[in-house]
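Here's a friendly walk through one protein model. Have a look at the picture, then read on for the ligand site, the core and a couple of single residues.

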Amino acid sequence: MSEKIIIFDTTLRDGEQSPGASMNLEEKVQVAKQLEKLNVDVIEAGFPIASEGDFEAVRAVAAAVKKPQVAGLCRASKKDIDRAWEALKDAKKPRIHTFIATSDIHINYKFQKTRDEILKAAVNAVAHAAGYTDNVEFSAEDAARSDVSYLCDVIEAVIDAGAATINIPDTVGYAIPDEFGRLIATLREKVGNIGKAVLSVHCHNDLGLSVANSLAAVSNGVRQVECTINGIGERAGNASLEEIVMAIRTRHDHMKVHTDIKTEEIFRSSRLVSTITGILVQQNKAVVGANAFAHEAGIHQDGMLKEKTTYEIMTPESVGIKESTLVLGKHSGRHAFSDRLKDLGIELTKEELEKAFLAFKRLADKKKTIYDEDIEAIIADEIFRLPDRFRLVSVTFTSGSGVVPSATVEMEVDGKEKVKAEFGDGPVDAVFKAIKKIARSKAKLMRFTVSAITGGADALGEVTVRIRENGITIIGQGASSDIIVASARAFVNALNKLEYRKGTRDREVERPTL
Ligand code: KIV
Ligand code: ZN
């Protein structure tokens, strides 16, 4: 049997640091449950000291999952570690993840301290964390740009202080694969007690090399990889879980290691994260992009018909992509609907099921064929919604050649009905203006994207909007068979998220910078 690579998923922590990707508590729990189905080994649920919202989310994830370890991030300070432990202590398998930067750039400019002071802070932090649990991870932030001999000293000292996992981040995505692989080999050779800890990597994608660097590290003896679904994360993102896992699986002949990931859950995880964060997956993204298994050239199609392995190195089924099947129509009843939800792995309470079923019926009245993706969009739209301050009641609009586009929007604000009518440059513009008037919002629309979730003229359209107010960027999504209604839903969704975000920001204890 080959050696196992531990998959440490940080979608809920580093992934959530993607601009605009903030998730609320319910959404984080939903993602965590899906990560449990995916069978990741560790879920990094958040940064408990960052805000009340982060703290509560880590606590909720710790309570919601049983199989994976749950990690909370903290700086190398007692206050951070105590707060992280408070959030984690009821988890079945808690892990404290403490970090401090070890590169001279960070030591001199960010901390204005000496190497010796940083080493002591690292050791003290790990020793303090080890007083709570023996599952302590230490990260040497910006390790890839750190002086190697100093890095060795820090690692040796924190292992002696009780660190069970040593993480080597390429924080700014600067490393080149063979160089990064050599760094890992050097650490394994030079750090005397390295055998007492699991060696891990955490690579950012600034040069598009995060997966390559992670795999080079694995080839040089690393046994934990930190990654995120769809590769979301700070700046250009983190190494993408699905790419690492499928590379290890597809090239087992070369890598000679394995993961315990249930690869058939990959596509569903990707869709869930994209739906919740509003960060769309690029069409040609490896493994989970819409074109990842599409064969366009005639010569390729011919080859595929003769023998699939001519142009396919892994099957769509192996990552959970199946032919979109017609599952339900307007005559389908509650029973068929709830059976289909079970097949899709969606668990709802009785009330949620009723709400989703009514939305399904409304859609089935307008749209003949309901696909799995339509159902997932209904669930995202109707169920994974925040406790909303704003509720869209109705949208009517006129547009066309020779008329000035106008819209009338009816909304509930804190339970009170309000109506406004506006003209605009187009129907979407008119709708957004009316919504902003009702919500008294100053938010600026930064981006507007429309995509069809399913095929055909009656396809369900998914609209993603990115809005910005007072330095906060939020992504909202809405789906409907009518694009203008989907746009209105997306905008109202974004405004609700913004309200939530403002609320958690007001309650923040302190927002540390990474
Ligand atoms: O990129 C980084 O260095 C990090 C650490 C906190 C692990 O996210
Ligand atoms: Zn990171």
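In His204, an N or O atom of the side chain sits 3.0 Å from an oxygen atom of ligand 1. Two other residues offer polar side-chain atoms to oxygen atoms of ligand 1, and the table puts them next to His204.

| Residue | Distance from its polar side-chain atom to an oxygen atom of ligand 1 |
|---|---|
| Arg13 | 2.9 Å |
| Thr171 | 2.6 Å |
| His204 | 3.0 Å |

A quick word on where these values come from: the model is predicted, local features need pLDDT of at least 70, side-chain atom pairs count only at pLDDT 80 or more, and totals for chains, interfaces and linings use all residues. Residues are numbered from 1 along each chain as its sequence is written, chains are lettered from A and ligands numbered from 1 in the order in which they are written, and side-chain values use heavy atoms, with hydrogens and water left out.

How much of ligand 1 does the protein bury? Taken alone, the ligand exposes 260 Å², and the protein buries 97% of that (Shrake-Rupley method, 1.4 Å probe). The shell around ligand 1 includes Asp14, His97, Phe99, Ser139, Glu141 and His202; a residue counts as near if one of its heavy atoms lies within 4 Å. Strands β5 (94–101), β6 (136–141) and β7 (165–170) each give two or more residues to this shell, strands being DSSP runs of E with at least two residues and helices runs of H or I with at least four, numbered from the N terminus. By type, the shell has 2 nonpolar, 6 polar and 3 charged residues.

Now for the core. The largest nonpolar core has 90 residues, and Val61, Phe138, Ile155, Ile166, Ile168 and Val201 touch the most other members. Such a core is a set of buried Ala, Val, Leu, Ile, Met, Phe, Trp, Tyr and Cys residues joined through side-chain atoms within 4.5 Å, where buried means under 20% relative accessible area (1.4 Å probe, protein chains only). Helix α6 (residues 148–161) gives the most to this core, 8 residues. Domain 1 (3–277) and domain 2 (294–382) both contribute residues, so the core lies between them; the domain bounds come from an automatic or database assignment.

Is Lys285 buried or exposed? Lys285 is buried, at a relative accessible area of 9%. Lys285 belongs to the loop between α11 (266–277) and α12 (298–306), and its side chain makes a polar contact with the side chain of Glu243 (2.6 Å).

Technical notes:
A polar contact is a pair of N or O atoms within 3.5 Å; within protein, one must be able to donate a hydrogen and the other to accept it, and residues adjacent in sequence count only if both atoms are side-chain atoms. Ala, Val, Leu, Ile, Met, Phe, Trp, Tyr, Cys and Pro count as nonpolar, Asp, Glu, Lys and Arg as charged, and the others, Gly among them, as polar. Buried means under 20% relative accessible area, exposed over 50%, partly exposed in between (1.4 Å probe, protein chains only).
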